[in-house]
There are 2 protein chains.
Amino acid sequence: MPIPVIFSEVNSIQQYQVQINNGIEKFCSELNGRPVELYEPLRYTLSLGGKRMRPLLTMLACDLFDGDAAIALNPALGIELFHNFSLIHDDILDDAPLRRNKPTIHQKWNRNIAILSGDALLVKAYELICNSSVPSERKIEILKVFNQVALLVCEGQQLDMNYEKASVIIISQYIKMIELKTAVLLAGSLKIGALIGGAKEEDAKNIYEFGKNIGIAFQLQDDILDVYANEEKFGKQKGGDIIANKKTFLLLKALELSGHNAYKKEELQQWIYAPQFDAKHKIEAVTAIYEFFNVKKIAEDEMMNYYKKGLSFLNQLPVNAQKKENLISLVESLIVREV
Amino acid sequence: MPIPVIFSEVNSIQQYQVQINNGIEKFCSELNGRPVELYEPLRYTLSLGGKRMRPLLTMLACDLFDGDAAIALNPALGIELFHNFSLIHDDILDDAPLRRNKPTIHQKWNRNIAILSGDALLVKAYELICNSSVPSERKIEILKVFNQVALLVCEGQQLDMNYEKASVIIISQYIKMIELKTAVLLAGSLKIGALIGGAKEEDAKNIYEFGKNIGIAFQLQDDILDVYANEEKFGKQKGGDIIANKKTFLLLKALELSGHNAYKKEELQQWIYAPQFDAKHKIEAVTAIYEFFNVKKIAEDEMMNYYKKGLSFLNQLPVNAQKKENLISLVESLIVREV
């Protein structure tokens with residue numbers, strides 16, 4: 001009787017989401033220490049929402065191994081706090097004025113408050129994991145995964161800063177950067193959930209690889225969507241990456257392929273270095289170069305390769321097939337959005 | 001035979017210092033990940049040295065309860081990393097150009113690198129604690145102490161920023177700020193060592209209170225030394241706090257006492273708000289006001305009160321009297337410097 005199983009899974013996804021949202025709300029309401037300048041920005045950031053997909057992945061991965069997802073809730077919330085900590089500090093590094101359409105902390109308060117409240121949030125993330133009811137041995141194990149992933153995220157952020165300034169970046173460097181900056185946290189969220197659920201080391205490794213590859217696919221999808229998305233569905237202006245000369249997979253691939261075509265290379269370089277330009281005109285011209293080199297198709301193939309590679313790791317897990325299917329559906333709905 | 005015991009203690013202090021220095025060196029040599037922009041600043045900071053008294057206190061506290069100090073080494077090093085993390089971020093907040101007479105990270109590299117490498121160092125601190133050979137249950141216990149102390153340090157730093165801008169600060173606020181910003185980390189270093197050594201909860205609390213009160217005494221001593229130190233012994237220029245209008249215990253107490261003396265109050269305010277002044281002249285004049293209100297003696301009494309209060313907590317510990325004496329001697333040599 002597969003249908004009731006599906007329903008119960010769908011229900012449990014919604015239940016987990018409710019538990020996560022309630023958990024964040026409870027955390028915020030208890031975040032009333034002094035001085036307020038330290039804690040108010042954290043309540044503000046966490047109240048801006050977001051999809052909260054990382055904690056959901058943690059709870060689902062726990063459930064996948066028939067663990068008690070309730071035990072995974074606090075570590076899952078800890079991962080969501082870590083994600084928000086990294087956004088707060090990244091926004092300082094990028095000098096970003098907005099996050100989720102609201103002023104960033106360093107914009108609304110100031111830079112020092114953003115640094116310090118970010119630090120406090122990272123400690124709070126550890127606190128949630130340490131204070132969870134996961135047995136001590138397992139808790140140390142998940143803390144080690146958490147440490148490792150947290151360091152990789154810092155490395156990815158530093159690489160991103162380096163690459164922004166570098167003149168030449170090759171595709172493999174770009175993929176490594178997005179792996180570290182984005183994909184490993186999705187991977188770690190799943191691995192931590194799996195370990196809480198009682199997964200064996202090998203299975204935990206496989207679910208990590210699933211998350212990592214899906215995460216890379218997610219970022220490549222993002223690069224494609226920025227140029228080719230249906231604007232209404234995607235909800236943001238097309239071509240922002242082209243205007244900002246952002247070193248996406250598409251641009252890097254076009255630069256690579258133009259190595260054998262001096263004329264196209266010069267055309268692309270001229271657009272990149274143009275001190276002034278009409279935005280619409282630049283987007284059209286660069287998109288035409290992308291089309292010339294068939295860059296969209298190459299990016300989609302690359303994305304699909306990572307996606308399929310991710311699935312192959314998931315398929316190795318000795319868990320209920322229906323639960324796997326449901327996890328895939330969820331990941332697709334969260335991550336792989338329509339072009 | 002007390003003499004051999006003293007000798008063996010003195011030896012163990014030196015041994016611990018060697019182990020700590022070697023441990024930091026080993027940590028730095030293994031800190032060779034990529035990108036170098038993330039890790040090179042950390043090797044630089046840690047190589048600048050410092051007294052490394054916090055890890056020493058951790059190892060001594062472990063030994064005080066007859067624990068194996070070797071097990072405390074990695075958590076002790078983790079505390080030293082945390083201390084350095086907080087210095088890196090504090091130096092950004094204060095825009096400090098120098099630390100230990102060398103350029104700060106944000107000065108030598110840039111602010112973004114200082115933020116991010118600081119973050120990585122905080123994670124590395126957790127990693128050292130998590131990877132230590134302390135039994136899992138105890139490890140979780142010390143991680144909880146570490147989390148708590150780390151948050152208090154953030155709160156103290158935020159209070160310090162608030163108070164810098166505030167026009168009126170009362171003594172009790174100042175004491176609370178230095179307690180959080182400085183004293184609780186000394187307290188936590190001792191408590192964590194004690195817990196690793198097998199201390200009972202009540203004894204761990206008492207050694208925390210010992211450290212906290214000694215830490216406040218230490219900061220008050222620092223305020224006094226800045227004005228009254230023997231320059232040769234203290235090794236820095238006298239009166240720096242007066243020139244910068246730093247809200248030290250001495251200044252706050254003088255402001256408080258001048259509440260009943262309109263003439264002296266105006267004189268003090270004039271020096272504080274003077275847009276231009278001769279440094280030597282200002283130091284002499286403000287010191288004269290301090291003398292008028294007997295502020296040095298009041299500060300020394302306050303310092304001695306915290307010092308004695310600290311000792312009263314130490315004295316309650318059911319541990320070897322000679323070890324206690326040796327810890328006191330060490331704390332005095334590290335913390336209470338000659339006026």
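**View 1. Glu137(A) in helix α7 of chain A.** In this predicted model, Glu137(A) is part of helix α7 of chain A. Its surroundings hold 12 other C-beta atoms within 10 Å, so Glu137(A) is exposed. Leu77(A) serves as a reference point elsewhere in the chain. Glu137(A) and Leu77(A) are 60 residues apart along the chain, and their C-alpha atoms are separated by 20 Å.

**View 2. The side of chain A that touches chain B.** Contacts link 34 residues of chain A with 34 residues of chain B. On chain A, α2 (36–47), α4 (69–94), α6 (111–130) and α7 (136–165) each supply at least two residues of the side that touches chain B. The largest share comes from α7(A), with 16 residues. By character, the residues on this side of chain A divide into 18 nonpolar, 8 polar and 8 charged. Of the interface residues of chain A, 100% are also interface residues in chain B, so the copies meet through the same surface. For the complex, the predictor gives an ipTM of 0.95 and a pTM of 0.95.

**View 3. The rotation axis at Ser136(A).** Two copies of a chain are related by a rotation about an axis and a shift along it. Here, a turn of 180° and a shift of 0.0 Å along the axis lay chain A on chain B. The RMSD of this superposition is 0.0 Å. That is the relation of a two-fold axis. Which residue of chain A comes closest to the rotation axis? Ser136(A) does, with its C-alpha at 2.9 Å.

**View 4. Helices α2 and α6 of chain B.** The axes of α2 (residues 36–47) and α6 (residues 111–130) of chain B come within 9 Å. They cross at roughly 75°. That angle falls in the range 65 to 115 degrees, which makes α2(B) roughly perpendicular to α6(B). From α2(B), the contact takes in Glu37(B), Leu38(B), Pro41(B) and Leu42(B). From α6(B), the partners are Ile113(B), Leu116(B), Ser117(B), Ala120(B) and Leu121(B). The residues of this contact divide into 7 nonpolar, 1 polar and 1 charged.

**View 5. Tyr44(B) in helix α2 of chain B.** Tyr44(B) sits in helix α2 of chain B. Is Tyr44(B) buried, exposed or partly exposed? Partly exposed: 16 other C-beta atoms lie within 10 Å. Pro103(B) is 59 residues from Tyr44(B) in sequence. In space, the two are 10 Å apart, C-alpha to C-alpha.

**View 6. The cis peptide bonds before Pro35(A) and Pro35(B).** In chain A, a cis peptide bond joins Arg34(A) and Pro35(A), with omega about -10°. Pro35(A) belongs to the loop between α1 (2–29) and α2 of chain A. In chain B, a cis peptide bond joins Arg34(B) and Pro35(B), with omega about -5°. Pro35(B) belongs to the loop between α1 (2–30) and α2 of chain B.

**View 7. Positive phi at Asp66(B) and Asp95(B).** Asp66(B) is not a glycine, yet has a positive phi of about 60°. Its place is the loop between α3 (53–64) and α4 (69–93) of chain B. Asp66(B) is partly exposed, with 13 other C-beta atoms within 10 Å. Asp95(B), also a residue other than glycine, has a positive phi near 55°. The loop between α4 and β1 (98–99) of chain B holds Asp95(B). Asp95(B) counts as exposed, because it has 11 C-beta neighbours inside 10 Å.

**View 8. Lys253(A) in helix α12 of chain A.** Helix α12 (residues 249–257) of chain A carries Lys253(A). Buried or exposed? Lys253(A) is buried, with 21 other C-beta atoms within 10 Å. Beyond its neighbours within four places in sequence, Lys253(A) is in contact with Ile171(A), Val295(A), Ile298(A) and Ala299(A). One of these, Ile171(A), is 82 residues from Lys253(A) along the chain. The C-alpha atoms of the two residues are separated by 6.9 Å.

**View 9. Residues 1–5 of chain A and the confidence of the chain.** The average pLDDT of chain A is 93, and 94% of the residues score at least 70. Over residues 1–5 of chain A, the pLDDT is below 50. This stretch has 2 contacts in the model beyond near neighbours in sequence. Where pLDDT is low, the predicted coordinates should not be read in detail.

Notes: Residues numbered from 1 in each chain as written. Chains lettered and ligands numbered in written order. Predicted model: local features only at pLDDT ≥ 70, side-chain atom pairs only at ≥ 80, totals over all residues. Contact = placed C-beta atoms within 7 Å. Helix = DSSP H or I, 4+ residues; strand = E, 2+ residues; numbered from the N terminus. Nonpolar A, V, L, I, M, F, W, Y, C, P; charged D, E, K, R; others polar. Axes fitted to C-alpha atoms, helices over the stretch in contact; angles between N-to-C directions. Parallel < 35°, antiparallel > 145°, perpendicular 65-115°, else oblique. Least-squares fit on C-alpha atoms with pLDDT ≥ 70 in both. pLDDT = per-residue confidence, 0-100. Buried ≥ 20, exposed ≤ 12 C-beta atoms within 10 Å, placed from the backbone.
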